[in-house]
Amino acid sequence: LVSQMCNHMLGGMVFFQDPMDAHPHHADIECLNRQASIHNVLVANNPTTAMAMMEVLRTALTENRPELIPSFFFTMQSPSVQRYKDQQGSIIDKMTNRRNSSVI
């Protein structure tokens with residue numbers, strides 16, 4: 001699922017888990033939810049949100065209203081992704097400049 005999100009091939013998901021039970025793959029679940037937030041993917045974590053999601057999907061598709069489910073039609077990212085990329089680029093530039101000045 002994460003791979004499909006990163007490749008902009010997943011616009012939404014229904015992912016239920018037992019909230020009363022510990023999961024040995026808890027880190028994987030956190031990664032899945034984090035990537036859904038990063039890529040702004042529609043997520044339903046329980047039956048109530050799944051029912052609401054299905055109603056929105058039905059309305060969007062039958063009434064030709066893609067704005068109701070943009071993650072299905074457009075590539076999207078959380079605004080924090082660009083800030084993170086900018087910060088990382090700044091760090092890389094700083095380290096590259098430091099390395100180049102020490103070589104000279």
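**Fold layout, charges and two unusual loop residues**

Read from the N terminus, the elements of the chain come in the order α-β-α-β-α-α-α. That makes five helices and two strands in the chain. Everything described here comes from a predicted model.

The overall dimensions are a good place to start. The radius of gyration of the chain is 19 Å, whereas a compact globule of 104 residues would sit near 13 Å. The C-alpha trace tells its own story, spanning about 65 × 40 × 20 Å along the principal axes. Burial comes next: of the 104 residues in the chain, 20% are buried. The chain exposes about 7800 Å², and 57% of that area is supplied by carbon and sulfur atoms. As for how the chain contacts itself, take the contacts between residues at least 6 apart in sequence: 63% of these join residues at least 24 apart.

On to the charges. The chain carries 8 positive and 9 negative side chains, and the centres of these two sets lie 14 Å apart. Three salt bridges turn up in the structure.

One of the salt bridges pairs the side chains of E55 and R58, with an N to O distance of 2.5 Å. Both residues belong to helix α3, which covers residues 47-62, and they are three residues apart there, so about one helical turn separates them. Neither partner is tucked fully away: E55 is partly exposed, with a relative accessible area of 39%, and R58 is also partly exposed, at 47% relative accessibility.

The other two salt bridges involve R65. The side chain of R65 meets that of E63 at 3.9 Å, N to O, and it meets the side chain of E67 at 2.9 Å, again N to O. For the first of these pairs, note that a salt bridge is counted within 4 Å. R65 is partly exposed, with 32% relative accessibility. E63 is partly exposed as well, its relative accessible area being 48%, and E67 is likewise partly exposed, with a relative accessible area of 48%. Through shared partners, the salt bridges tie E63, R65 and E67 into one network.

Then there is the backbone. As a rule, most residues other than glycine have a negative phi. Two asparagines are worth a look against that background. N40 has a phi near 55°, which is positive even though the residue is not glycine. N40 sits in the loop that leads from α2 (26-38) to β2 (42-44). With a relative accessible area of 37%, N40 counts as partly exposed.

N64 is the other case. Its phi is near 50°, again a positive value in a residue other than glycine. The loop that holds N64 runs between α3 and α4, the latter covering residues 70-73. N64 has 65% relative accessibility and counts as exposed; the cut-off for exposed is over 50%, so the 37% of N40 leaves that residue in the partly exposed class.

Looking back along the chain, helix α3 contains the E55 and R58 pair, the loop between α3 and α4 holds N64, and E63, R65 and E67 form one network of salt bridges.

Technical notes. Residues numbered from 1 in each chain as written. Predicted model: local features only at pLDDT ≥ 70, side-chain atom pairs only at ≥ 80, totals over all residues. Heavy atoms only, no water. Helix = DSSP H or I, 4+ residues; strand = E, 2+ residues; numbered from the N terminus. Rg over C-alpha atoms; globule rule 2.2 N^0.38 Å. Buried < 20%, exposed > 50% of the residue type's maximum accessible area, 1.4 Å probe, protein only. Contact = heavy atoms within 4.5 Å. Areas by Shrake-Rupley, 256 points an atom, 1.4 Å probe, with all protein chains shown as cover. Lys, Arg positive; Asp, Glu negative; His and termini not counted. Charge placed at Lys NZ, Arg CZ, Asp CG, Glu CD.
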